[in-house]
Amino acid sequence: MIVLGIESSCDDTGAAVVTDSKEILGEALQSQEEHKQYGGVVPEIAARAHLEHVDEIVNSCMQRAHISLNEVDAIAASCGPGLIGGVVVGAMTAKALALALNKPFVAVNHLEGHALCARIAHSIEFPYLLLLVSGGHCQILVVKNVGEYQRLGTTIDDAAGEAFDKVAKMLGLGYPGGPMIEKLAATGDENRFTLPRPLIGSGDCNLSFSGLKTAVRKIIETYTTDGDIDHAILPKQDVADICACFQMTATDCLVRKLERAIKYFKQNYPEGQHVVVSGGVASNTYLRNHLRELAENHGLEFAAPPIRFCTDNGVMVAWAGLERYRAGYTSPLDFKPRPRWPLDENAPKAAGAGGVKA
Ligand code: KG4
Ligand code: ZN
């Protein structure tokens, strides 16, 4: 079985062809540079850039795969959640190909792409516990099967990646912020500033990063005379120390909430063996190391996609499309792209508002 997948839900235009024997036959990816000067993704610019590049990305993916489009069994695209202008570009391209080639179309939830991506690189059986940390999402879920999710917790404000990006912006480090913060944090003192851990005692698996971000802003304000952080002058070492403290505190919040979730998971899904982290923030090695230690302390195996598949890419969409197609799901050609699309929308609501009391 061979599936072509297209990703275009944020600022990466990606395409990949994967097989059910977990081979990546070909892939192509273009990360948009246009947003760097704005310190965040500009939806209109993103949509136009996807439109401009999607055909060449699909073409170069097919060339690298050394197969023709006729040899593909199904065509998948990220159909949400995400920036709707971009989502429409990928969805329309996949639908047009499906129609022209008379092949099935598979609408993929972008989050399911992140959720299933680790299974292409590792043998991970359902159910598994997933920490999904990206620029737009921060959730703890039980992945029960393809299309079957139980959400145990979510952020009530910023996503983890969003917090990395906003802190980086305040420090003038550019976009995306995660990689730069990780790099600078390596030379910083993570104990220099004490930062808050919002919601840590909330008794559920929900997260919050907004207060943490504000606390960083307050520290940066002490380096100004007028309170405007754009005028702050920080010595290099202080920037590194702030990055280290922020990364350590954000990681600690994730680790502590995931620990609650692990206890719930072990009780309710005793057959489960894996803790998986995915999404752009999962490229962070400091976070990965702490999550590995946590999982192993609780007798579970830790797994994550290879770092280059943590941020948005075509492989995760092609793979999730393949898993869905193999499980018998296809989508009608009039499937409407969805700016919002919770992974667990068909699941019975878990106990407690917004999450499980783990
Ligand atoms: O999954 P992704 O590519 O896009 C969304 O679906 O949102 O994630 C992008 C996010 C950005 O916020 C970026 O700053 C963050 O992932 N990120 C990182 C690292 N690399 C990317 N965050 C922390 N450490 C990193 N090394
Ligand atoms: Zn993503």
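These questions and answers cover a predicted model.

Q: Which protein residues are the donors of the zinc ion (ligand 2)?
A: The protein donor atoms lie 2.0 to 2.1 Å from the zinc ion (ligand 2). Two are NE2 atoms of histidines, and an OD atom of an aspartate also serves. The residues are His110, His114 and Asp312.

Q: How are the donor residues of the zinc ion (ligand 2) spaced in sequence?
A: His110 and His114 both sit in helix α3 (residues 110–121). They are four residues apart, so about one helical turn separates them. With the aspartate included, the spacing reads H-x3-H-x197-D.

Q: What is the arrangement of the four donor atoms around the zinc ion (ligand 2)?
A: The four donor atoms subtend angles of 94 to 140°. A tetrahedral label needs all angles between 85 and 135 degrees. The upper end of the range rules that label out, because 140° lies outside those limits. The arrangement is irregular.

Q: Is His114 buried or exposed?
A: Buried means under 20% relative accessible area. His110, in the zinc site, has 6% and counts as buried. His114 has a relative accessible area of 1%, so the class is buried.

Q: Which strand pairs with β6 in the antiparallel sense?
A: A hairpin of four linking residues leads out of β6 into its partner. Six bridges hold the antiparallel pair. Within it, Leu130 has Leu141 as bridge partner. The strand is β7 (residues 138–145).

Q: Which residue in β9 stands opposite Leu130?
A: Strand β9 (residues 274–278) runs parallel to β6. Four bridges join the two. Opposite Leu130 stands Val276.

Q: How many of the six residues of strand β6 are buried?
A: Strand β6 spans residues 128–133 and is mostly covered. On one side, Tyr128, Leu130 and Leu132 are buried. On the other, Leu129, Leu131 and Val133 are buried too. Both faces are covered, and the count is six of six.

Q: How many residues apart in sequence are the parts tied together by Asp238 and Arg192?
A: Asp238 and Arg192 form a salt bridge, with their closest N and O atoms 3.2 Å apart. Asp238 lies in helix α7 (residues 236–268), while Arg192 lies in the loop between α5 (177–185) and α6 (210–221). The pair therefore ties together parts separated in sequence by 46 residues.

Q: Is Arg192 buried or partly exposed?
A: Its salt-bridge partner, Asp238, is buried at 12% relative accessible area. The cut-off for buried is under 20%. Arg192 has 36%, so the class is partly exposed.

Q: Which helix holds Lys257, the salt-bridge partner of Asp204?
A: The side chains of Asp204 and Lys257 meet at 3.6 Å, N to O. Asp204 lies in the loop between α5 and α6, so the pair ties together parts 53 residues apart in sequence. Both residues are buried. Lys257 lies in helix α7.

Q: Which residue meets Arg338 in a salt bridge?
A: The two side chains come to 2.8 Å, N to O. Arg338 is partly exposed at 25% relative accessibility. Its partner is also partly exposed, at 34%. That partner is Glu345.

Q: How many salt bridges does the structure hold?
A: Side chains of opposite charge can pair when their charged atoms come close. Here Asp158, Glu162, Lys166 and Lys213 are linked in a network of such bridges. The structure holds a total of 17.

Q: What accessible area do Ile84, Val88 and Met92 have together?
A: Ile84 is found in helix α2 (residues 84–101). At 37% relative accessibility, Ile84 is partly exposed. With Val88 and Met92, Ile84 forms a nonpolar patch on the surface. Together their accessible area is about 240 Å².

Q: How far apart in space are Ala76 and Leu4, C-alpha to C-alpha?
A: Ala76 lies in strand β4 (residues 74–78). Ala76 is buried, with a relative accessible area of 0%. Leu4 is 72 residues away in sequence. In space, the C-alpha separation is 6.1 Å.

How values were computed:
Residues numbered from 1 in each chain as written. Chains lettered and ligands numbered in written order. Predicted model: local features only at pLDDT ≥ 70, side-chain atom pairs only at ≥ 80, totals over all residues. Heavy atoms only, no water. Patch = residues over 30% accessible without salt bridge, like charges linked within 9 Å, V, L, I, M, F, W, Y side chains within 5 Å. Areas by Shrake-Rupley, 256 points an atom, 1.4 Å probe, with all protein chains shown as cover. Salt bridge = Lys/Arg side-chain N within 4 Å of Asp/Glu carboxyl O. Buried < 20%, exposed > 50% of the residue type's maximum accessible area, 1.4 Å probe, protein only. Donors = N, O, S within 2.8 Å, 3.2 Å for Na, K, Ca; no water. Tetrahedral: all angles 85-135°; square planar, octahedral: opposite > 155°, others 65-115°. Pairing = 2+ DSSP bridges.
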